[in-house]
Amino acid sequence: MGALSLSLHLSLCLLLLHFVISAEMAVPESRQPAAALSSPLPAETAGDELSFGHYANTCPNMESIVHNKVNKWSALDPSLAPSIIRLHFHDCAVRGCDASILLNHAASERTAVESKTLRGFEVIDDIKAELEKKCPKTVSCADILASAAREATVKAGGPFWEVPYGRKDGRVSLAQEASQVPMGHENVTYLIEFFQAKGLNLLDLVVLSGSHTIGRSTCGSVQGRLYNFKGTGKPDPSINANYLNYLKRKCRWASEYVELDATTPTKFDSVYYTNLQRKMGLLLTDQLLNSDSRTSLIVSALATQPMLFYQQFSVSMTNLGNVQVLTGDEGEIRTNCNFINRY
Ligand code: HEM
Ligand SMILES: *[C@@H]1O[C@H](CO)[C@@H](O)[C@H](O)[C@H]1NC(C)=O
């Protein structure tokens, strides 16, 4: 009975979650995001053109090359796996998953303050160099990011999912657009609207925030909560007292690092959500998911059902990888992920 009843159970939970979402999500028309945030196409429309067999003939070893490179780099520095997952998010969050975050020219997204702590670019460059040797001008940088993010997730102990390919690389990257990406001090309405503008729903928001079950943050992203929260002269009352003491000791300098998941920092698990229930979320945006009525039921469902988080993470990462993708004759396949093609 095991497998069947488990999957029935999971489906039931998902059904309940979708019910919760349709009942509570609706963001009033008047509070739609600014025009600049709205996507011209729903993610699903564009995502339909990606396919699982995209490189089957043109670059059959593409995934094993990505796999080997991510493993090689993770062995040298295990902290790179979470950084690669975040890189894929920051790519998809601006102009869709088009590798615009990788462009390295004056005033590109990558140069924005919001991108300051992104890392892992050298891993993508290394993968691209190998792919240009094995299958020149064939695999897009946006597909490499999507594939590397899946490999990094598996490497970190998270779930596997099939990644559809066929994304093209964009030719535009603007620093000012990176300022739309949430940095950890936003309110939940902003987060919901930001995700919704990309075709991602409440469940995607809460589940993908669960990426913070691994990885780290610079202290600069949380110092505003520790001493003078919103001008009150006091710490954020939604931080557990012991955790607050720990953070004050750990975060003397903005440039220092602190783990996003205080309990099991290197394990890909649903403890991120139980942390939130114990007032131990690192970022304000993490902690708010537990108190906001639109997201708190999802947090409790994920906290109590680790398998639900694991399974839905695959689904939501697939949704993320479909955001506003360029396909067919849109965009190009860069030969160097740092620069648009000169021809
Ligand atoms: C919901 C809105 C989100 C906010 C406000 C947010 C914010 C942040 C911040 C502030 C950091 C630390 C940056 C620093 O070094 O100071 C971070 C790290 C990270 N984020 Fe998010 N994030 C969000 C969503 C996501 C999503 C959707 C993903 C992946 C799908 C993700 C994956 C990660 C990972 C893996 C790290 C650790 C990076 C590392 O260790 O280098 N985040 N995030
Ligand atoms: C949420 O944040 C946005 C932008 O940061 C702001 O315009 C809005 O007033 C905030 N909403 C609430 C309910 O605080």
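Modeller: A cavity is a set of points, on a 1 Å grid over the protein atoms alone, where a 1.4 Å probe fits but cannot get out, whereas a pocket is an open set with protein on both sides within 12 Å along at least five of seven lines; lining residues have an atom within 4 Å of a point. The model is predicted: local features need pLDDT of at least 70 and side-chain atom pairs count only at pLDDT 80 or more, while totals for chains, interfaces and linings use all residues. Residues are numbered from 1 along each chain as its sequence is written, chains are lettered from A and ligands numbered from 1 in the order in which they are written, and side-chain values use heavy atoms, with hydrogens and water left out.

Biologist: How many cavities of 30 Å³ or more are there, and how do you know how much space lies in the largest cavity?

Modeller: A search of the whole structure finds two. About 60 Å³ lies in the largest cavity and about 30 Å³ in the second largest. These are volumes of the space filled by probe spheres set on the grid points, with points joined across faces, edges and corners.

Biologist: What makes a residue part of the lining of the second largest cavity, and which residues line this cavity?

Modeller: The 4 Å criterion already given decides membership, and the lining consists of Phe89, Cys92, Ala93, Phe194, Phe195, Lys198, Leu200 and Leu320. Three of these residues come from α4, which has the largest share. Helices here are DSSP runs of H or I with at least four residues, strands are runs of E with at least two, and both are numbered from the N terminus.

Biologist: How are the residues of that lining divided by class?

Modeller: Seven are nonpolar, none is polar and one is charged. Ala, Val, Leu, Ile, Met, Phe, Trp, Tyr, Cys and Pro count as nonpolar, Asp, Glu, Lys and Arg as charged, and the others, Gly among them, as polar. Lys198 therefore counts as the charged residue of this lining.

Biologist: What lines the largest cavity, and which helix gives the most to its lining?

Modeller: The lining residues are His88, Ala146, Trp161, Val163, Pro164, Arg167, Met317, Thr318 and Gly321. Helix α15 gives the most, with three residues. By class, five are nonpolar, three polar and one charged.

Biologist: How much space lies in the largest pocket, and which residues are closest to its centre?

Modeller: The space amounts to about 1000 Å³. Of the 42 lining residues, Arg86, His212, Ile214, Arg216 and Leu260 are closest to the centre. Helix α4 supplies seven residues, the largest share. By class, the lining has 21 nonpolar, 15 polar and six charged residues.

Biologist: What makes His212 a donor of the iron atom of ligand 1?

Modeller: Donors are N, O and S atoms within 2.8 Å of the metal (3.2 Å for Na, K and Ca). NE2 of His212 is at 2.1 Å, and a nitrogen at that distance meets the criterion, so His212 counts as a donor. His212 is the only protein donor of this iron atom, but water is not among the atoms, so the site may look incomplete. His212 is placed in the loop between α9 (202-209) and β1 (216-218).

Biologist: Why is Asp91 called buried?

Modeller: Buried means under 20% relative accessible area, exposed over 50%, and partly exposed in between (1.4 Å probe, protein chains only). Asp91 has 0% relative accessibility and therefore counts as buried. Asp91 is in helix α4 (residues 80-93).

Biologist: Why does Val94 count as buried, and where does Val94 lie?

Modeller: At 2% relative accessibility, Val94 falls in the buried class. Val94 lies in the loop between α4 and α5 (121-134). Leaving out residues up to four places away in sequence, Val94 touches Ser100, Glu109, Glu177, Ala178 and Val181; contact means heavy atoms within 4.5 Å.

Biologist: Which other residues share the UniProt feature "binding site" with Asp91 and Val94?

Modeller: The unreviewed UniProt entry also places the feature at Gly96, Asp98, Ser100 and Glu109. Spread over 19 residues of sequence, these positions cluster in space, with a largest C-alpha distance of 12.6 Å. UniProt positions are in the numbering used here, feature names are shortened, and annotations may be inferred rather than shown by experiment.

Biologist: Why is Pro182 called buried?

Modeller: Pro182 has 15% relative accessibility and so counts as buried. Pro182 lies in the loop between α7 (175-178) and α8 (188-197). Its contacts, neighbours within four places in sequence aside, are Leu191 and Phe194. The "binding site" annotation of the unreviewed UniProt entry covers Pro182 as well.
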